[in-house]
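I opened this entry to keep track of what I looked up in one chain. I start with the overall make-up and then go to aromatic rings, cysteines, a histidine and the cores.

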Amino acid sequence: MPTNAPTSQNSRPTRSKGQRRNAQRELHTLSAMTTIDDLIRLVQPPANPVHANGDWAAVEAALGLGLPADFKDLIERYGSGLFVDFIAPLTPFGGRNLLVESARQLLDGERSFRRSNPDKCPYPFHPEPGGLLPWAGVDNGARLCWLTEGEPDSWTVVAWNPRSWYYEAYEVGAVEFLHDLLSGRITTAAFSLEEEDEEEGDESLPAPTFEPTWQ
(Lines give C-alpha, C1' and ligand atoms only; values in the text may rest on other atoms or scores of the structure.)
Protein backbone atom coordinates (compact mmCIF):
# COMPACT_ATOMS: atom_id res chain seq x y z
CA MET A 1 0.00 0.00 0.00
CA PRO A 2 1.48 3.38 -0.93
CA THR A 3 2.50 5.45 2.07
CA ASN A 4 3.50 8.74 0.44
CA ALA A 5 0.51 10.83 -0.58
CA PRO A 6 0.84 13.65 -3.15
CA THR A 7 0.66 17.14 -1.71
CA SER A 8 -0.52 19.12 -4.70
CA GLN A 9 -3.36 18.95 -7.18
CA ASN A 10 -0.89 18.35 -10.03
CA SER A 11 0.40 15.07 -8.62
CA ARG A 12 -0.70 12.00 -10.57
CA PRO A 13 0.62 8.81 -8.92
CA THR A 14 0.93 5.82 -11.24
CA ARG A 15 1.18 2.09 -10.64
CA SER A 16 0.94 -1.08 -12.66
CA LYS A 17 -2.15 -3.26 -12.72
CA GLY A 18 -0.32 -5.80 -10.58
CA GLN A 19 0.49 -3.21 -7.94
CA ARG A 20 -3.13 -2.08 -7.92
CA ARG A 21 -4.39 -5.62 -7.38
CA ASN A 22 -1.90 -6.18 -4.58
CA ALA A 23 -3.13 -3.02 -2.86
CA GLN A 24 -6.68 -4.35 -2.63
CA ARG A 25 -7.81 -6.50 0.27
CA GLU A 26 -10.93 -7.11 2.33
CA LEU A 27 -10.05 -4.82 5.25
CA HIS A 28 -7.85 -1.73 5.03
CA THR A 29 -6.30 -0.23 8.16
CA LEU A 30 -4.35 3.04 8.15
CA SER A 31 -2.53 4.25 11.22
CA ALA A 32 -2.30 8.02 10.67
CA MET A 33 -5.27 10.24 11.45
CA THR A 34 -6.24 12.49 8.55
CA THR A 35 -8.22 15.68 9.16
CA ILE A 36 -10.24 18.08 7.04
CA ASP A 37 -7.16 20.31 6.85
CA ASP A 38 -5.24 17.50 5.13
CA LEU A 39 -8.04 17.11 2.58
CA ILE A 40 -8.11 20.86 1.97
CA ARG A 41 -4.38 20.85 1.29
CA LEU A 42 -4.93 18.11 -1.29
CA VAL A 43 -8.17 19.37 -2.86
CA GLN A 44 -8.99 23.07 -2.97
CA PRO A 45 -12.55 23.67 -1.73
CA PRO A 46 -14.77 26.24 -3.47
CA ALA A 47 -14.67 29.81 -2.22
CA ASN A 48 -18.45 29.80 -1.96
CA PRO A 49 -19.64 26.23 -1.39
CA VAL A 50 -23.19 25.38 -2.48
CA HIS A 51 -25.71 23.98 0.02
CA ALA A 52 -23.04 23.84 2.71
CA ASN A 53 -24.90 25.10 5.78
CA GLY A 54 -28.12 24.32 7.56
CA ASP A 55 -29.69 22.81 10.64
CA TRP A 56 -27.58 19.79 11.59
CA ALA A 57 -29.80 19.10 14.62
CA ALA A 58 -32.83 18.71 12.34
CA VAL A 59 -30.89 16.37 10.04
CA GLU A 60 -29.80 14.21 12.95
CA ALA A 61 -33.33 14.14 14.32
CA ALA A 62 -34.65 12.96 10.94
CA LEU A 63 -32.06 10.17 10.85
CA GLY A 64 -32.41 9.25 14.51
CA LEU A 65 -28.61 9.36 14.74
CA GLY A 66 -25.85 11.85 15.44
CA LEU A 67 -23.36 12.41 12.62
CA PRO A 68 -19.56 12.39 12.59
CA ALA A 69 -17.85 15.76 13.04
CA ASP A 70 -15.57 15.17 10.06
CA PHE A 71 -18.57 14.77 7.73
CA LYS A 72 -20.04 18.05 8.96
CA ASP A 73 -16.67 19.69 8.26
CA LEU A 74 -16.65 18.12 4.79
CA ILE A 75 -20.07 19.48 3.87
CA GLU A 76 -19.42 22.92 5.37
CA ARG A 77 -16.14 23.34 3.45
CA TYR A 78 -17.08 21.73 0.12
CA GLY A 79 -20.89 21.71 -0.05
CA SER A 80 -22.65 20.02 -2.95
CA GLY A 81 -20.51 18.85 -5.86
CA LEU A 82 -18.20 16.18 -7.23
CA PHE A 83 -14.71 15.04 -6.30
CA VAL A 84 -12.82 14.09 -9.51
CA ASP A 85 -16.17 14.26 -11.39
CA PHE A 86 -17.07 10.95 -9.76
CA ILE A 87 -17.83 11.08 -6.01
CA ALA A 88 -20.71 13.18 -4.65
CA PRO A 89 -21.05 13.70 -0.88
CA LEU A 90 -24.72 13.59 0.12
CA THR A 91 -25.35 17.07 1.41
CA PRO A 92 -28.41 17.33 3.66
CA PHE A 93 -28.98 20.98 2.75
CA GLY A 94 -30.45 22.82 -0.22
CA GLY A 95 -33.53 21.91 -2.20
CA ARG A 96 -33.21 18.19 -1.44
CA ASN A 97 -31.91 16.49 1.68
CA LEU A 98 -29.90 13.84 -0.17
CA LEU A 99 -28.50 12.30 3.00
CA VAL A 100 -31.89 11.68 4.60
CA GLU A 101 -33.58 10.73 1.31
CA SER A 102 -30.97 8.05 0.68
CA ALA A 103 -31.23 6.74 4.23
CA ARG A 104 -35.04 6.47 4.07
CA GLN A 105 -34.97 4.53 0.81
CA LEU A 106 -32.17 2.15 1.70
CA LEU A 107 -33.79 -0.63 3.72
CA ASP A 108 -36.96 -0.81 1.65
CA GLY A 109 -34.87 -0.87 -1.51
CA GLU A 110 -32.70 -3.78 -0.39
CA ARG A 111 -35.14 -5.80 1.72
CA SER A 112 -36.39 -8.08 -1.06
CA PHE A 113 -32.92 -8.85 -2.42
CA ARG A 114 -31.60 -9.60 1.07
CA ARG A 115 -34.49 -11.95 1.79
CA SER A 116 -33.57 -13.98 -1.31
CA ASN A 117 -29.79 -13.59 -1.02
CA PRO A 118 -28.83 -13.27 2.66
CA ASP A 119 -25.26 -14.45 1.99
CA LYS A 120 -24.66 -11.40 -0.23
CA CYS A 121 -25.70 -8.91 2.46
CA PRO A 122 -23.13 -9.10 5.27
CA TYR A 123 -24.23 -5.86 6.94
CA PRO A 124 -27.52 -4.54 8.29
CA PHE A 125 -29.03 -1.48 6.62
CA HIS A 126 -30.07 1.76 8.33
CA PRO A 127 -32.29 2.15 10.32
CA GLU A 128 -31.38 -1.30 11.63
CA PRO A 129 -28.95 -1.04 14.57
CA GLY A 130 -25.39 -0.61 13.36
CA GLY A 131 -26.58 -0.56 9.75
CA LEU A 132 -24.94 0.87 6.66
CA LEU A 133 -25.77 4.54 6.03
CA PRO A 134 -24.69 6.09 2.70
CA TRP A 135 -22.77 9.39 2.92
CA ALA A 136 -21.67 9.69 -0.73
CA GLY A 137 -22.73 8.43 -4.13
CA VAL A 138 -20.38 7.30 -6.90
CA ASP A 139 -20.91 7.77 -10.62
CA ASN A 140 -20.79 4.01 -11.35
CA GLY A 141 -23.64 3.32 -8.90
CA ALA A 142 -21.46 2.42 -5.93
CA ARG A 143 -22.06 3.96 -2.53
CA LEU A 144 -19.78 5.06 0.27
CA CYS A 145 -21.37 4.19 3.59
CA TRP A 146 -20.74 4.41 7.27
CA LEU A 147 -21.01 1.33 9.43
CA THR A 148 -22.98 3.00 12.20
CA GLU A 149 -21.62 1.04 15.16
CA GLY A 150 -20.69 2.94 18.33
CA GLU A 151 -20.26 6.70 18.57
CA PRO A 152 -20.53 8.65 15.29
CA ASP A 153 -16.92 9.83 15.35
CA SER A 154 -15.81 6.19 15.48
CA TRP A 155 -17.87 5.10 12.44
CA THR A 156 -15.85 3.52 9.67
CA VAL A 157 -16.35 3.40 5.90
CA VAL A 158 -17.70 0.57 3.76
CA ALA A 159 -17.43 0.92 -0.02
CA TRP A 160 -20.37 -0.94 -1.55
CA ASN A 161 -21.20 -1.66 -5.17
CA PRO A 162 -24.87 -2.80 -5.28
CA ARG A 163 -24.51 -3.94 -8.90
CA SER A 164 -21.96 -6.61 -7.98
CA TRP A 165 -22.84 -6.85 -4.28
CA TYR A 166 -19.23 -6.22 -3.42
CA TYR A 167 -18.34 -4.71 -0.04
CA GLU A 168 -14.97 -3.45 1.16
CA ALA A 169 -14.41 -2.17 4.70
CA TYR A 170 -11.93 0.49 5.82
CA GLU A 171 -11.09 1.38 9.41
CA VAL A 172 -11.19 5.12 8.68
CA GLY A 173 -13.81 7.86 8.63
CA ALA A 174 -15.26 9.71 5.63
CA VAL A 175 -12.68 12.51 5.33
CA GLU A 176 -9.72 10.19 5.79
CA PHE A 177 -11.14 7.77 3.23
CA LEU A 178 -11.57 10.54 0.64
CA HIS A 179 -8.10 11.92 1.25
CA ASP A 180 -6.40 8.55 0.98
CA LEU A 181 -8.43 7.44 -2.04
CA LEU A 182 -7.78 10.66 -3.96
CA SER A 183 -4.08 10.63 -3.09
CA GLY A 184 -3.61 6.98 -4.05
CA ARG A 185 -2.89 5.60 -0.59
CA ILE A 186 -5.82 3.21 -0.82
CA THR A 187 -7.90 1.66 -3.59
CA THR A 188 -11.21 -0.15 -3.68
CA ALA A 189 -12.56 -2.85 -5.95
CA ALA A 190 -16.03 -1.30 -5.59
CA PHE A 191 -15.00 1.31 -8.18
CA SER A 192 -11.88 2.72 -9.77
CA LEU A 193 -10.71 6.29 -10.25
CA GLU A 194 -7.75 5.26 -12.34
CA GLU A 195 -7.20 5.99 -16.01
CA GLU A 196 -5.16 3.60 -18.15
CA ASP A 197 -2.25 4.80 -20.26
CA GLU A 198 -2.65 2.75 -23.44
CA GLU A 199 1.00 3.16 -24.45
CA GLU A 200 2.60 2.35 -21.09
CA GLY A 201 -0.02 -0.06 -19.77
CA ASP A 202 0.01 1.74 -16.43
CA GLU A 203 -2.87 3.31 -14.57
CA SER A 204 -2.88 6.77 -13.04
CA LEU A 205 -5.15 8.73 -10.77
CA PRO A 206 -6.80 11.90 -12.02
CA ALA A 207 -5.63 15.12 -10.40
CA PRO A 208 -7.65 15.54 -7.18
CA THR A 209 -10.32 18.19 -7.82
CA PHE A 210 -13.73 19.27 -6.55
CA GLU A 211 -16.35 20.95 -8.70
CA PRO A 212 -19.37 22.49 -6.95
CA THR A 213 -22.84 22.09 -8.35
CA TRP A 214 -24.66 25.09 -9.77
CA GLN A 215 -26.85 27.09 -7.43
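**Overall make-up.** I counted the secondary structure before anything else: the chain has six helices and eleven strands. I note here that the model is predicted. The chain has 215 residues, and 48% of them are buried. I then looked at contacts between residues at least 6 apart in sequence, and 62% of these join residues at least 24 apart. For the surface I have about 10,600 Å² exposed, with 45% of it supplied by carbon and sulfur atoms.

**Aromatic pairs.** I found 16 aromatic pairs in the structure. I took F113 and W165 as one to check: the ring centres are 4.2 Å apart and the planes stand at 10°, under the 30 degrees cut-off, so I entered the pair as stacked. F113 belongs to helix α5 (residues 98-116), while W165 sits in the loop between β7 (156-161) and β8 (166-170), so the pair ties together parts that are 52 residues apart in sequence. Are the two partners buried or exposed? F113 is partly exposed, at 26% relative accessible area. W165 has 16% relative accessibility and counts as buried, because the limit for buried is under 20%.

My next pair was W135 and W146, which is tilted, with 6.2 Å from centre to centre and 35° between the planes. W135 is in strand β5 (residues 132-138) and W146 in strand β6 (residues 143-147), eleven residues apart. W135 is buried, with a relative accessible area of 0%. W146 is buried too, again with a value of 0%. I also noted that both tryptophans belong to one aromatic cluster, which is formed by W56, F71, F93, W135, W146 and W155.

**Cysteines.** How many disulfides are there? The count is zero, with the sulfur atoms of a pair required to lie within 2.5 Å. I looked up C121 and C145 for burial. C121 is buried at 10% relative accessible area, and C145 counts as buried at 0%.

**H126.** I located H126 in the loop between α5 and β5. H126 is buried, with a relative accessible area of 7%. What does its side chain reach at 3.5 Å? The side chain of H126 reaches the backbone oxygen of L63. Leaving out residues up to four places away in sequence, I listed what H126 touches: L63, L65, A103, L106, L107, G131, L132 and L133.

**Cores.** The largest nonpolar core has 46 residues, and the members with the most contacts inside it are L39, F83, I87, W135 and F191. At least two residues of this core come from each of α2 (36-42), α3 (56-63), α4 (69-78), α5, β5, β6, β7 and α6 (174-182). Which of these elements gives the most to the core? It is α6, with six residues.

I picked F83 for a closer look at its neighbours. Not counting residues up to four places away in sequence, F83 touches L39, V43, L74, Y78, P89, L178, L182, T209 and F210. Apart from the largest core lies another, of 13 residues, with C121, F125, W165 and A169 among them. I close the entry on two residues already listed: W165, the partner of F113 in the stacked pair, and C121, the cysteine with 10% relative accessible area, are both members of the 13-residue core.

How values were computed: Residues numbered from 1 in each chain as written. Predicted model: local features only at pLDDT ≥ 70, side-chain atom pairs only at ≥ 80, totals over all residues. Heavy atoms only, no water. Helix = DSSP H or I, 4+ residues; strand = E, 2+ residues; numbered from the N terminus. Buried < 20%, exposed > 50% of the residue type's maximum accessible area, 1.4 Å probe, protein only. Contact = heavy atoms within 4.5 Å. Areas by Shrake-Rupley, 256 points an atom, 1.4 Å probe, with all protein chains shown as cover. Phe/Tyr/Trp six-rings, centres within 6.5 Å; stacked < 30°, edge-to-face > 60°. Polar contact = N/O pair within 3.5 Å; in protein donor to acceptor, adjacent residues only side chain to side chain. Core = buried A, V, L, I, M, F, W, Y, C linked by side-chain atoms within 4.5 Å.
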